[in-house]
Amino acid sequence: MNSKTVYIVFGVSGSGKTTVGKALAKTLDIPFYDADDFHTEANVKKMSDGIPLNDNDRGPWLNILATHIRDWHQAEGAVLACSALKQKYRNVLQSIDDHYVKWIFLETTYEVILDRIEARQGHFFKKELLASQFETIEKPKRGISIDASYSIKNIMAQIKLKLNIQKSQFGLIGLGVMGKNLAKNILSKKISLSVYNRQIEGKEVDVAKHFVNEQSSNVNVLGFDDLSSFVSSIAQPRTIMIMVNSGKPIDMVIEALLPLLSKEDCLIDGGNSYYKKTSEREKKLLKHGIYFLGTGISGGEEGALKGPSIMPGGGKKAYDRAGKFLEAIAAKDKKNNPCCAYIGPEGSGHYVKMVHNGIEYGEMQLLAETYHLLRFYCNKTPEQISEIFESWRSNDKDGFLLEITADILRKKEGEQFLIDIILDKAGQKGTGGWSTADALELGASVSTISEAVMTRNLSGMKSQRVIASDAYQLVQTRITENEVDFIISLEKAFYAASIINHTIGFDLLTQASQEYDWNLQMSEIARVWTNGCIIRSDLMERISSLLVNANTTSLLLFPEIITIMKANIVALKNITSTAITNGYSLPVISAALNYFLTYTSAQCSANMIQAQRDYFGAHTYQRVDKTLTEYFHTNWKN
Ligand code: 6PG
């Protein structure tokens with residue numbers, strides 16, 4: 001910063017020249033001058049008599065100012081606020097080297113100024129005078145233009161940025177619900193931020209500008225709807241998070257960014273992208289020297305604002321650069337460490353988030369089935385079920401999903417419980433299905449996850465279900481046994497099924513880590529999931545401490561888990577059989593039980609499958625009485 005520079009802040013009356021000029025002078029610690037204080041006596045008299053000045057009157061005044069500008073430049077520099085509406089006035093003022101005069105044009109509209117002036121109560125103002133200023137003003141050819149419709153703090157931020165006094169530390173693209181809240185979170189950590197949102201007439205209009213104006217007390221934020229200015233507002237090497245829908249939108253943003261980026265800039269995709277696409281994007285970007293972190297972010301709207309759980313995957317170098325920002329905005333675990341850790345290479349961050357969502361699907365369906373039994377088999381009101389769930393929460397089984405389910409059940413609309421009027425047709429965006437599809441590729445068994453996906457699919461066949469229900473008229477009987485005992489069993493069954501569902505998720509991660517050579521650290525993943533994310537729970541805390549220094553990740557084989565399962569498995573069996581006998585479907589609870597029964601069977605039914613395969617397809621089989629390297633085929637018809 002050259003202290004001998006003279007900054008001339010100019011624009012129409014009401015554009016904020018004096019306020020901005022003073023603030024800039026204060027920032028730069030140089031004197032401030034108001035051009036109006038340098039008028040000749042004759043001019044002052046004319047103006048006080050209400051006679052407008054003409055160019056002849058202005059000549060001597062501008063010359064006086066030009067002399068002062070030279071003097072200020074010889075001294076310590078200065079900030080001058082001056083209307084300087086016409087280029088010829090500015091030419092007079094520009095009497096020293098271009099390099100030493102910086103022109104700052106406060107650009108705005110007639111409507112904005114009018115609103116501003118009218119808002120100043122009791123202030124008399126001639127609208128015609130303002131209109132004539134807008135007619136007179138000639139846009140400058142040199143210097144910087146600042147959008148003066150923003151708050152003073154933001155205007156100052158723009159000036160600092162454009163004069164190269166300040167660049168943002170972080171960029172964020174996409175101000176949807178998650179993007180907006182992440183941006184607020186970033187700002188709350190005192191990280192200076194540039195935000196960009198596309199401009200779509202009638203749909204997404206001035207989104208970035210409105211966001212910036214809402215943060216009026218925050219000088220650390222700059223808003224853009226022009227991608228190029230957004231990119232150049234960020235300090236190099238740049239770190240930019242993209243919060244747009246997965247699929248095509250993310251590719252479109254990357255395409256548009258590529259020509260604007262420089263080597264070693266780092267992009268973070270914070271959406272729920274498919275991990276294979278993430279690996280492809282990383283490869284492509286690395287060819288251009290751009291780092292890429294495919295980053296799972298969990299916690300919904302509130303998590304984004306208050307601290308989500310963050311799962312970044314990609315190059316280690318990329319994490320070394322961007323990790324500090326992600327760790328700053330993440331939730332904190334019990335030991336106050338960030339719920340964010342480098343996950344592994346390629347698309348592993350998005351993979352881990354995908355499996356998080358798979359477990360989430362399973363847990364949601366477990367709770368839905370539990371609620372359904374209490375509502376219809378036990379004939380409980382939603383409020384009563386909410387109380388039951390609350391008691392489970394304080395019983396070492398707390399978790400975000402249980403908490404929100406208890407909340408949901410209390411919600412009323414007028415006299416009615418809202419849950420009773422919500423259509424029983426579940427949507428999905430894909431992550432549960434992707435977990436299932438990837439498990440199929442890996443040969444992993446994820447029955448609770450896949451069953452949760454299939455159950456959502458089946459729920460979508462609402463009209464057919466209504467017809468079938470009418471056609472079959474199956475009876476769902478009500479409880480006849482001891483209700484208290486049933487509810488105690490249900491709590492145990494829920495817990496056991498939940499442990500199985502988590503086991504399935506972690507096993508999928510273990511298989512993926514081996515297959516894709518990612519070296520995933522299960523204990524770190526569990527720790528990252530202890531807070532901020534949707535599946536945070538007491539159980540996750542337990543899993544996280546179990547996995548530290550463990551040499552197996554198979555949860556069902558930990559002695560502590562074996563004890564818990566032994567205490568709860570009878571309940572899981574009883575609940576499953578009771579529910580099914582009485583006509584209630586229990587897809588994920590029963591899938592969990594079936595998984596467990598198969599997993600704990602030294603002898604299962606697959607010998608028959610092998611025999612059948614060999615019968616019709618000569619697929620061969622191994623024998624228990626021979627070595628496992630030998631394969632046999634039988635001519636079954638003889
Ligand atoms: C999270 C959520 C979040 C999103 C789910 C919803 O971790 O914050 O999982 O990512 O709400 O993707 O998924 P469905 O729409 O498929 O249920």
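1. In this predicted model, five strands make up an open sheet whose order is 2-3-1-4-5, and the pairing is parallel. The two edge positions belong to strand 2 (32-34) and strand 5 (144-147), each of which pairs on one side only. Direction ignored, neighbouring strands of this sheet are turned against each other by 20 degrees on average.

2. At one edge, strand 2 is joined to strand 3 (residues 78-81) by three bridges, and these two strands run parallel. A reader who wishes to locate this pairing may begin with Phe32, whose bridge partner in strand 3 is Val79.

3. Strand 1 (residues 6-10) and strand 4 also run parallel, and five bridges join them. Within this part of the sheet, Tyr7 stands opposite Lys102 of strand 4.

4. At the other edge, strand 5 pairs with strand 4 in the parallel sense, over four bridges. Here Leu106 has Ile146 of strand 5 as its bridge partner.

5. Why is strand 4 (residues 101-107) described as largely enclosed by the rest of the structure? Of its seven residues, five are buried, and the strand is therefore largely enclosed. A residue is called buried here when its relative accessible area is under 20%. In the order 2-3-1-4-5, strand 4 stands between strand 1 and strand 5.

6. The second topic is the ligand. It is surrounded by 14 residues, and the closest are Ser298, Lys353, Glu360, Tyr361 and Lys429. Which element gives the most to this shell? Helix 15 (residues 348-377) does, with five residues. By class, the shell holds eight polar, four charged and two nonpolar residues.

7. Polar contacts to oxygen atoms of the ligand involve both backbone and side-chain atoms of the protein. On the backbone side, a polar atom of Gly299 is 2.9 Å from a ligand oxygen, while a backbone N or O atom of Gly300 lies 3.1 Å from an oxygen atom of the ligand. On the side-chain side, an N or O atom of Glu360 is 2.7 Å from a ligand oxygen. The protein covers 80% of the 420 Å² of accessible area that the ligand has on its own.

8. To examine the two regions in turn, a reader may follow the sheet from strand 2 to strand 5, its edge strands, and then turn to the ligand, where Glu360 is among the closest residues and has a side-chain N or O atom 2.7 Å from a ligand oxygen.

Methods:
Residues numbered from 1 in each chain as written. Predicted model: local features only at pLDDT ≥ 70, side-chain atom pairs only at ≥ 80, totals over all residues. Heavy atoms only, no water. Near = heavy atom within 4 Å. Polar contact = N/O pair within 3.5 Å; in protein donor to acceptor, adjacent residues only side chain to side chain. Areas by Shrake-Rupley, 256 points an atom, 1.4 Å probe, with all protein chains shown as cover. Nonpolar A, V, L, I, M, F, W, Y, C, P; charged D, E, K, R; others polar. Pairing = 2+ DSSP bridges. Axes fitted to C-alpha atoms, helices over the stretch in contact; angles between N-to-C directions. Buried < 20%, exposed > 50% of the residue type's maximum accessible area, 1.4 Å probe, protein only.
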